[in-house]
Structure formats: C-alpha cells, structure tokens
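This report covers a two-chain model. Please have the sequence and the coordinates open while reading.

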Amino acid sequence: MKQTSHRRIIYWAYRLVSVWLFFQLLYLVWRVFTLVHAANSRAPFFEHGQSNRWETANSLFHLLLPVVILSLLQDLLGSLRKQTAFDPGIIRKVRWIGFVYLGYALLEYVVFTIVPPWFTGQQRYPLVYGSSLLMGLLNLSGELFFGLLILALAGVFRYGLRLRRESELTI
Amino acid sequence: MLLLGHRFIRWACFLALFLIVVQLLLGIEWLWGDIQRYRTGDALDAIRGYRYSIWEILRDFSVVLSGILVLLLLLRIFISFKNDRIFDAVNIRRLRSVGWIYLGYAAVRIILLVIIITCVVRVSGTLPLLHRLAYGLAPVSGYVLYGLIVWVVAAVFREGLQLQEDQELTV
C-alpha cells in the first residue's frame with residue numbers, strides 16, 4: 001500500500017525520535033555518573049564545570065526536559081502510526097506536551113530563582129528573573145511560548161475530531 | 001470554528017501582533033547594543049580578553065529574524081483560522097515553514113557557535129571546549145525538537161485536510 005506523505009513523515013519522525021531518545025538517555029546516564037563521581041571525589045565542583053550544587057541540579061533538570069518530551073513524542077507518534085490523529089487520546093497526548101513545556105518554564109522559575117537564596121544565601125533577584133520568564137514568552141526560544149503554541153494547536157485538533165465524528169455519522 | 005471560539009482566536013492574533021512589535025523593538029535595541037559594543041571593542045562578559053565580534057551580532061540577528069518570521073507565519077495562520085479556514089493547504093505550508101525556520105535557526109546557531117568558540121579559544125586558550133560545546137548544543141537540540149513537533153502537527157493537519165475533502169465530496 002502506498003503511504004501518503006503525512007504517514008511517511010510520521011513514520012520517519014517516529015524512527016528519528018526513538019534513536020534520539022536512546023542517545024539522550026545514554027547522555028543523561030553519563031552526566032549523572034560524572035556528577036556523582038565529582039561529588040564523591042570531593043574536588044571543587046568548578047573543576048568539573050559546575051560552580052555549585054544548585055547549578056549541578058540545574059544542568060540535570062535541563063537534561064530531563066528533552067527526555068520527557070522525547071518519550072511523550074515517541075508515544076504520540078507510535079499512536080499516530082496506528083490510528084487516526086483525531087482521537088481524544090491523541091489530543092490528550094498533544095496537550096500533555098504543551099503542559100510539560102509550560103510546567104517546565106514555571107518550575108524552572110520557582111526552583112532556580114525563588115528557592116536557591118534560602119539555601120545558598122545568594123541573591124537571585126526574583127523580579128529580574130520574573131521578567132526573564134516573560135522574556136521566555138517574548139523571545140521564541142522560551143518553553144512558555146512553545147507550550148502555549150502547542151496548546152493552541154491542540155485546540156484545532158478538537159475541530160478535526162468533530163469533523164471525523166460528523167463524517168462517521170454521515171457514513 | 002465554533003470549538004475554538006472567535007474570542008480565543010482574536011486574542012491569539014492580538015498576542016502574536018503584540019509579540020511582533022515587542023520582538024522588533026527589543027531586537028533593534030539588542031542589535032544596536034551589540035553594534036555599539038563591537039565598535040567600542042568591549043570585552044565579552046565572563047570571557048577574559050575576548051571582545052565582541054561580528055559573529056555575536058550575526059547570532060543575535062538570526063534570533064531576531066527567525067523570531068519575527070515565526071510570529072508572522074503564526075499570525076497569518078491564526079487569521080485564517082478566524083476566517084474559518086482551518087485544515088487548509090496554505091496553513092499546512094505555513095506550519096511546515098515554521099518547522100523549517102526552527103530547524104534552519106538550529107543549523108545556523110550551531111555553525112555560528114563553532115565559529116565563536118574557535119575565536120574564543122584562539123584568544124583565551126584555556127576555555128574548556130567540550131563544556132562550551134555541550135552547553136551550547138543543549139538549547140540547539142531544543143530548537144530541533146520544536147521543529148520536529150511543528151512538522152508532526154503539520155502532518156496531522158494534512159490528515160485533517162484529507163478528512164475535510166472526503167467529507168465535502170460525500171456531501
């Protein structure tokens with residue numbers, strides 16, 4: 001059976017995401033291993049490219065996002081390969097990707113801007129970093145912006161779901 | 001268009017327009033600052049002895065340009081949603097262009113990053129190259145992921161277009 005172009009894209013995206021997820025997991029394990037090794041060696045963290053424990057936690061936190069997103073995306077693409085896109089389950093998965101991006105942006109702000117001064121005594125100027133959260137929306141690299149975009153597009157999928165139901169009723 | 005609501009779409013259009021204006025203003029201010037620092041020969045923050053070069057200006061220019069292009073395309077997509085053209089071949093093309101812009105931006109950023117790191121290492125000589133690459137590549141992989149997700153959404157839109165055409169033929 002000849003595959004349509006969107007099916008081909010989904011097929012190749014699925015394969016790419018699977019390979020990427022594998023290497024991302026390997027990289028995460030390697031990073032955890034090197035950081036644990038650095039912590040056990042009692043060497044100053046700076047020698048290992050980290051200035052303090054909060055930044056260590058920060059780098060691990062940043063590594064977790066692609067792993068979570070890639071696993072959600074792999075799950076979504078796996079479902080897309082088997083069934084139609086306009087299904088409540090698929091729409092829920094797309095919305096989850098949007099919510100993870102939004103949650104990440106907010107959690108990053110809370111965990112790495114508001115909390116650290118209580119432990120380290122370093123002043124982080126939450127208001128300035130609050131504006132950096134807003135900047136995440138303004139410059140399009142921000143997870144906040146992308147999360148909102150995905151949620152908006154997931155709203156369009158609901159229209160597709162209605163179309164599909166109408167089509168089934170017609171038949 | 002009833003499921004999304006005209007009010008939602010109108011707000012999305014306003015937000016996109018607002019972001020375009022802010023992006024333009026911030027971009028001009030940002031690039032102007034870069035050009036001034038380049039002309040006066042300021043040192044780059046945190047890297048001893050390294051001064052602003054044309055590559056930093058190009059990097060920031062690519063951020064602003066890609067941001068404005070993505071916003072313009074999204075604005076046009078939302079306007080067509082408002083006009084009840086959802087699963088439309090033009091929208092699919094626009095979405096794929098958004099994906100291409102994210103991917104292209106990631107590619108340009110990697111190239112500029114390698115050039116900047118090479119320049120920095122030539123001056124400072126002591127910069128841990130692998131660390132810089134690792135930290136620099138992390139956000140770039142985020143853009144590749146953005147591009148991929150937008151492409152998958154475009155593929156789903158194509159399926160929606162087929163469904164819509166089938167329904168129109170049935171009617």
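The sections below deal with confidence, chain contents, the interface, the core and a few single residues.

## Basis and confidence

This is a predicted model, in which local features need pLDDT of at least 70 and side-chain atom pairs count only at pLDDT 80 or more, while totals for chains, interfaces and linings use all residues. Residues are numbered from 1 along each chain as its sequence is written, and chains are lettered from A and ligands numbered from 1 in the order in which they are written.

The model has an ipTM of 0.76 and a pTM of 0.79. For chain B the mean pLDDT (the predictor's confidence in each residue, from 0 to 100) is 78, with 79% of its residues at 70 or more. Chain A averages 74, and 66% of its residues score at least 70. Among the elements of chain A, helix 1 of chain A has the highest mean pLDDT, 83, and helix 5 of chain A (residues 126-138) the lowest, 52. Two stretches of chain A fall below 50: residues 45-50, with 14 contacts in the model beyond near neighbours in sequence, and residues 126-130, with five such contacts. Two residues are in contact here if their C-beta atoms, placed from the backbone, lie within 7 Å. Where pLDDT is low, the predicted coordinates should not be read in detail.

## Chain contents

Chain A has six helices and zero strands; chain B has four helices and zero strands. Helices (H or I, at least four residues) and strands (E, at least two) are DSSP runs, numbered from the N terminus. Of the 171 residues of chain A, 24% are buried, and of the 171 residues of chain B, 27% are. A residue is buried if 20 or more other C-beta atoms lie within 10 Å of its own, exposed if 12 or fewer, and partly exposed in between, with C-beta atoms placed from the backbone.

Counting contacts between residues at least 6 apart in sequence, 70% of those in chain A join residues at least 24 apart. In chain B, residues 24 or more positions apart account for 75% of the contacts with a separation of 6 or more.

## Interface

The contact between the chains takes 35 residues from chain A and 34 residues from chain B. On the chain B side, helix 1 (6-40), helix 2 (54-82) and helix 4 (129-170) of chain B each give two or more residues. Helix 4 of chain B gives the most, 21 residues. By type, the chain B side divides into 23 nonpolar, eight polar and three charged residues. In this count Ala, Val, Leu, Ile, Met, Phe, Trp, Tyr, Cys and Pro are nonpolar, Asp, Glu, Lys and Arg are charged, and the others, Gly among them, are polar.

A:H6, in helix 1 of chain A, is in contact with B:A155, B:R158 and B:E159, leaving aside neighbours within four places in sequence. A:H6 counts as buried because 22 other C-beta atoms lie within 10 Å.

## Nonpolar core

The largest nonpolar core (a set of buried Ala, Val, Leu, Ile, Met, Phe, Trp, Tyr and Cys residues joined through C-beta atoms within 7 Å) has 61 residues. Those with the most contacts inside this core are A:I150, B:I149, B:V150, B:V152 and B:V153. Both chains supply elements with two or more residues: helix 1, helix 2, helix 3 and helix 6 of chain A, and helix 1, helix 2, helix 3 and helix 4 of chain B. The largest share, 13 residues, comes from helix 4 of chain B.

A:I150 touches A:V94, A:I97, A:G98, A:Y101 and B:I149, not counting residues up to four places away in sequence.

## Helix 2 of chain B and the residue after it

Helix 2 of chain B has 29 residues and reaches 42 Å from its first C-alpha to its last, close to the 42 Å expected at 1.5 Å a residue; the expected span is 1.5 Å times one less than the number of residues. Its buried residues include B:V63, B:G67, B:V70, B:L74 and B:F78. B:D84 follows helix 2 of chain B and sits in the loop between helix 2 and helix 3 of chain B. Phi of B:D84 is near 65 degrees, a positive value in a residue other than glycine. B:D84 counts as exposed because it has 12 C-beta neighbours inside 10 Å.

## Database annotation

An unreviewed UniProt entry places the feature "transmembrane region" at residues 12-32, 61-79, 100-123 and 135-157 of chain B. UniProt positions are given in the numbering used here, feature names are shortened, and annotations may be inferred rather than shown by experiment. In the model, residues 12-32 of chain B are 100% helix, with end C-alpha atoms 30 Å apart. Residues 61-79 of chain B are 100% helix, with end C-alpha atoms 27 Å apart.
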